[in-house]
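Welcome to a short tour of a protein model. Take a moment to look it over, then read on with the picture beside you.

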Amino acid sequence: MGVRPKSPDYVVFFAIIGLLGFGIVMVYSSSAVSAYVNYNDSFYFLKRQLIWATLGILTMLFTMNIDYHVWRKLAKPIMIITLLLLVLVLVPGLGKVVNGARRWLGFGSLYLQPSEIAKLSMVLFTANSLARSQDKIGNFVKGVIPQLLMLVVVFGLILKEPDLGTALVISGMVFILLFASGAKLSHLGSLGAVGVLGIITAIIAEPYRLKRLLAFSDPWADPLNSGYHIIQSLYAIGSGGLFGVGLGRSREKFLYLPEPHTDFIFAILGEELGFIGTATVVILFFLFAWRGFKTAISAPDIYGSLLAGGITSMIVLQALMNIAVVTASMPVTGIPLPFISFGGSALIFTLAAVGILLNISRYVSLK
């Protein structure tokens, strides 16, 4: 590039370390009871989260020190590998089924979630594609439609698992990148309308999604079935008050709230650490979003700008969706909270993306 890289953006770096710290503490606190009941080891999930967090930080440091332009050359090969994994996970006998969803590949206790790879792959692929077609982006047929072909394929494969939440995060990220690259608002409006119709169709096509939508509108209509998650989540957050009931003293984690260490960990955080704890997490995500988008605006080239914007959008959208679900602001979608929820491949690939963002920040002037 001809520019000597500087130090990375430490605001982003320490915001992520702070979120990871919250995650490790809350994974242990929220999972200790279920881990003891199911595995006779209260530290079962904590030990695994520590391993994944360590591997994730090493991955972040690795990608942070690789010139982000390298990923432009690797975007297509990575996308091809991702598509192959997304197909393989749907093959009976290869993909592992958990709670009715076929989302994991692997063996023993080691599993990989291809949809998590797909989020980063789509950022790399879309940023590269849009950077190459800047002169056509104002044309709907030649500039916008080609950018959507890969999205349609990836969306369809992930929806088949099924995983509507991740599919929506990827779609939202692509939509933001189209806007950032200069697509006309009329074109984006048309796409938005088609997208809403597609989501409605996907909800109607699956009875369990329709149940979740109805439960969102009135969870107390079916408190022991479709509305159970939302009600227990609200009980947890509501009982936390300003300062919480105390770290480790959650009542909902005693097998009342399903998925307390994954999708609904924010509810346990709110119960134990109260408004102060949840507000601190939201502030850390805000700091990440602020500096991430500032890096995107200040990037030295259009590819770096789109890549930084895509990574930031991907993580922020997922955080917003998870918090919205937990606070009953949108229907349950089953999506984890970045850096905080328990998870292996999700944590590693998200931290890899943050490393790329930090590398871009080394080439910009942030004040």
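Is Y39 buried, partly exposed or exposed? With a relative accessible area of 43%, Y39 is partly exposed. Keep in mind as you read that this is a predicted model.

## Aromatic rings

Let's stay with Y39 for a moment. Y39 and F45 make an aromatic pair with an edge-to-face arrangement: the ring centres are 5.7 Å apart, and the planes meet at 85 degrees. Its partner F45 is buried, because the relative accessible area of F45 is 9% and the cut-off for buried is under 20%. Ring pairs also join Y39 and F45 with Y44 and F342 in a cluster.

Across the whole structure, a search finds eleven aromatic pairs. One of them is formed by Y10 and F13, again edge-to-face, with 6.5 Å from centre to centre and 85 degrees between the planes. Both residues belong to helix α1 (residues 10-39), and because Y10 and F13 are three residues apart there, about one helical turn separates them. Y10 counts as partly exposed at 45% relative accessibility, whereas F13, at 18%, counts as buried.

## The nonpolar core

Now turn to the inside of the model. The largest nonpolar core has 99 residues, and the members that touch the most others are V154, L178, L307 and F339. Helix α11 (residues 302-326) supplies the largest share of this core, with 13 residues.

Which residues does L307 contact, once its neighbours within four places in sequence are left aside? They are Y68, V123, L124, A127, I356 and I360.

## A bent helix

Next, find helix α10, which covers residues 265-298. How far would a straight helix of 34 residues span? At 1.5 Å a residue, the answer is 50 Å, yet the end C-alpha atoms of α10 are only 34 Å apart. Look along α10 to L273, and you will find a bend of about 125 degrees.

## A serine in helix α6

Our last stop is S171, a residue of helix α6 (residues 164-180). What does the side chain of S171 reach at 2.9 Å? The backbone oxygen of A167 is at that distance.

S171 has contacts further along the chain as well: leaving aside neighbours within four places in sequence, S171 is in contact with L151 and F155.

Conventions: Residues numbered from 1 in each chain as written. Predicted model: local features only at pLDDT ≥ 70, side-chain atom pairs only at ≥ 80, totals over all residues. Heavy atoms only, no water. Helix = DSSP H or I, 4+ residues; strand = E, 2+ residues; numbered from the N terminus. Polar contact = N/O pair within 3.5 Å; in protein donor to acceptor, adjacent residues only side chain to side chain. Contact = heavy atoms within 4.5 Å. Expected span 1.5 Å × (residues − 1). Bend = angle between axes of the 7 residues up to and from the residue. Core = buried A, V, L, I, M, F, W, Y, C linked by side-chain atoms within 4.5 Å. Buried < 20%, exposed > 50% of the residue type's maximum accessible area, 1.4 Å probe, protein only. Phe/Tyr/Trp six-rings, centres within 6.5 Å; stacked < 30°, edge-to-face > 60°.
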